[in-house]
Amino acid sequence: MPRILCLALTASWLATTAPAQGTNLAFGGLRADTSQPVEVTADALDVDQEDGTAIFTGNVVVGQGEMRLTATEVLVVYKPDRSGIDRLVATGKVVLVNGPDAAEAEKADYTIDSGIVIMTGDVLLSQGPNALSGEQLNVDLATGTARMTGRVRTIFMPENGSPEEDG
């Protein structure tokens with residue numbers, strides 16, 4: 001009987017929260033060290049000396065400590081005074097992995113100094129057996145938190161993986 005009550009309470013909670021426009025959650029279990037160096041590997045790098053842009057293409061992997069971001073292409077956006085990198089804009093099959101959590105999207109914009117990653121376009125966040133989807137996921141790597149916005153939808157799996165009725 002307690003299992004039915006637990007499932008009923010969970011279903012009731014989901015019914016009242018699933019349509020919400022924003023959901024706060026933990027991301028990565030542990031905070032990422034955003035002071036670590038950022039390493040980028042790719043099949044190719046194109047640099048335009050005139051406008052100072054750099055684009056990594058093909059099997060791009062961005063690593064910083066335990067965090068990994070993969071994409072088809074990553075544009076490097078330099079600070080206005082050219083003193084360093086301001087942001088990395090990833091497009092094409094973007095996947096962000098931090099600890100046990102993984103998020104997929106069409107695009108990710110990573111601001112290096114703040115440790116903020118904004119993922120947009122069919123965002124899917126997987127945390128163990130649970131999944132959460134929405135239009136935008138804002139991840140704060142420095143605090144290990146995230147916020148999903150847009151038409152948020154979630155699926156929580158019971159402990160045994162399927163609903164069970166007590167008879």
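About 9,700 Å² of accessible surface is what the chain shows in this predicted model, and 54% of that surface belongs to carbon and sulfur atoms. Of the 167 residues in the chain, 28% are buried. As for how far to trust the picture, the mean pLDDT comes to 81, with 79% of the residues at 70 or more. The start of the chain is another story: over residues 1-20 pLDDT stays under 50, and the model has 20 contacts beyond four places in sequence for this stretch.

Turning to the fold, the chain has 1 helix and 11 strands. The helix comes at the N-terminal end of the order, and the strands follow it. Among contacts with a separation of 6 or more, 42% join residues 24 or more positions apart.

Then there are the charged side chains. Side chains of opposite charge can pair when their charged atoms come close. A search of the whole structure turns up 2 salt bridges. In one of them, D109 and R87 meet at 2.8 Å, N to O. D109 sits in strand β7 and R87 in strand β6, so this pair ties together parts that are 22 residues apart in sequence. D109 is buried, since its relative accessible area of 18% falls under the 20% cut-off, whereas R87, at 25%, is partly exposed.

D113 forms a salt bridge with K79, and here the closest N and O atoms are 2.9 Å apart. This pair links loops that are distant in the chain: D113 is in the one between β7 and β8, K79 in the one between β5 and β6, 34 residues apart. D113 counts as exposed, with 55% relative accessibility, while K79 is partly exposed at 24%.

How values were computed
Residues are numbered from 1 along each chain as its sequence is written. This is a predicted model: local features need pLDDT of at least 70, side-chain atom pairs count only at pLDDT 80 or more; totals for chains, interfaces and linings use all residues. Side-chain values use heavy atoms; hydrogens and water are left out. Helices (H or I, at least four residues) and strands (E, at least two) are DSSP runs, numbered from the N terminus. Buried means under 20% relative accessible area, exposed over 50%, partly exposed in between (1.4 Å probe, protein chains only). Contact means heavy atoms within 4.5 Å. Accessible areas come from the Shrake-Rupley method with a 1.4 Å probe; for residues, only the protein chains shown count as cover. pLDDT is the predictor's confidence in each residue, from 0 to 100. A salt bridge is a side-chain nitrogen of Lys or Arg within 4 Å of a carboxyl oxygen of Asp or Glu.
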